[in-house]
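Me: Please take me through the pockets and a few residues of this model. Keep the answers short.

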Amino acid sequence: MTSTIKKDAWMDRARILFPGVVIAGLTAIAAQWLAEHYATPAMLLALLLGIALSFLGEDGKTVPGIAYAARTLLRLGIALLGARISFGLAAELGWPLLLLIVCAVALTIGFGLLVGRFFGSKWRFSFLTAGSVAICGASAALAIAAILPKDERSEERLLFTVMGVTVLSTIAMILYPILVNMLELNDLAAGVFLGGTIHDVAQVVGAGFSVSQDVGDTSTLVKLIRVSLLAPVVIIATLLIRRFATPDEGGERPPIVPSFVVGFLVLATLNSLGYIPAAITQAFSEASRWLLLTAIAAVGMKTNLKQVLGVGGAAIALIIAETIFIATVILTGVYFLT
């Protein structure tokens, strides 16, 4: 009897969520199709298409499913991202360059928090943008936003950050290979620079392999090491938020270790130990990509474009400053270490 009641409740819940989740999923599919045909980042297209359909997130049967996709599917996508990580990657690069990458991530986050106040930004937005620039662009923005105390402008800041880092990452994909050639960096230095500075994985791959096969391999490796830093950054940030965030900053305190970070770490550990077959790793990676694409489309549907653009020029300047900062740190590091 109890199992029947639970099953009925589950079916009722599924019926409520179905319309919104399907709309978000179809938007993600449309974004991917457009990305493949017009050489535009799928994340940016999913975001813009979602914003165009924002009326669906305001009223009607799609609202619960859109909210579910923006929250639960997002966390599942981040957890599955761990299947791409292998802790053995560090050994392939060498400890000096690994330390450079870790320091660049930490310094960029610190820089963002420090200078954010001069751009009129509070710590939440400064940390969101700096973490996105330092680690892995849109994916990091989604993960960090999930642990920040919420207020009425949380989704606006998230969408602005995703849009900003994606556009800057695309610009870097075009300009940085030119800079690499101008500076006459060797393959190792070029790969570390591109992988250590460009925000999103897809743009790192595009920039690296546009230079050479070796540069592409190195830049992808460096980028995955940056992605692996997502979990420790989120855990440390969660502990600090629980300790220092004040009640007037809105929302409940995040759990000590968010469940999606636990999932990320478990999959990364299993993959590092060789317990996940390559085919499963590939499947989880694809699932993660689609879930994050669906989630960002759903987040777009919940947000008003006028409010997002109202974040202002100072916020754009902050993201640009953080991007220039990490590029300077990595470039200086590779000059002395390679």
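Reply: Below are questions and answers on pockets, a helix and single residues. The model is predicted, so local features need pLDDT of at least 70, side-chain atom pairs count only at pLDDT 80 or more, and totals for chains, interfaces and linings use all residues. Residues are numbered from 1 along each chain as its sequence is written, and side-chain values use heavy atoms, with hydrogens and water left out.

Me: What is the volume of the largest pocket?
Reply: A pocket is an open set of points on a 1 Å grid over the protein atoms alone, where a 1.4 Å probe fits, with protein on both sides within 12 Å along at least five of seven lines. Points are joined across faces, edges and corners, and the volume is the space filled by probe spheres set on them. For the largest pocket this comes to about 720 Å³.

Me: Which residues are closest to the centre of the largest pocket?
Reply: Lining residues have an atom within 4 Å of a point. The lining of the largest pocket holds 28 residues. The closest to the centre are Met-43, Val-201, Ala-202, Gln-203 and Arg-289.

Me: Which helix gives the most to the lining of the largest pocket?
Reply: Helices are DSSP runs (H or I, at least four residues), numbered from the N terminus. Those that give two or more residues here are helix 1 (2-38), helix 2 (42-52), helix 8 (154-183), helix 10 (201-211) and helix 14 (278-301). With seven residues, the top contributor is helix 14.

Me: How many residues of each class line the second largest pocket?
Reply: Ala, Val, Leu, Ile, Met, Phe, Trp, Tyr, Cys and Pro count as nonpolar, Asp, Glu, Lys and Arg as charged, and the others, Gly among them, as polar. The largest pocket has 14 nonpolar, nine polar and five charged lining residues. The second largest pocket has a volume of about 360 Å³. Its lining has no polar residues, no charged residues and 16 nonpolar ones.

Me: Which helix supplies the largest share of the lining of the second largest pocket?
Reply: Phe-127, Val-233, Ile-236, Ala-237 and Leu-240 lie nearest the centre of this pocket. Helix 5 (95-115), helix 6 (123-134) and helix 12 (230-244) each give two or more residues to its lining. The largest share, seven residues, comes from helix 12.

Me: Which residues of helix 12 are buried?
Reply: Helix 12 has 15 residues and reaches 21 Å from first C-alpha to last. Its cover includes helix 3 (63-80), helix 7 (137-145), helix 11 (213-228) and helix 13 (259-272). Buried means under 20% relative accessible area, with a 1.4 Å probe and protein chains only. The buried residues are Leu-230, Ala-231, Val-233, Val-234, Ile-235, Ala-237, Thr-238 and Ile-241.

Me: Is Ser-169 buried or exposed?
Reply: Ser-169 sits in helix 8. Among its contacts (heavy atoms within 4.5 Å) are Ile-198, His-199 and Gln-203. Because its relative accessibility is 0%, Ser-169 is buried.

Me: How far is the backbone nitrogen of Asp-200 from a polar side-chain atom of Ser-169?
Reply: Asp-200 is one of the residues that Ser-169 touches. The separation from the Asp-200 backbone nitrogen to the Ser-169 side-chain polar atom is 3.1 Å.

Me: What is the phi of Glu-184?
Reply: Glu-184 lies in the loop between helix 8 and helix 9 (187-197). At 71% relative accessibility, Glu-184 is exposed, that is, over 50%. Its phi is positive although the residue is not glycine, with a value near 55 degrees.

Terms used: A polar contact is a pair of N or O atoms within 3.5 Å; within protein, one must be able to donate a hydrogen and the other to accept it, and residues adjacent in sequence count only if both atoms are side-chain atoms. The expected span of a helix is 1.5 Å times one less than its number of residues. Lists of a residue's contacts leave out its neighbours within four places in sequence.
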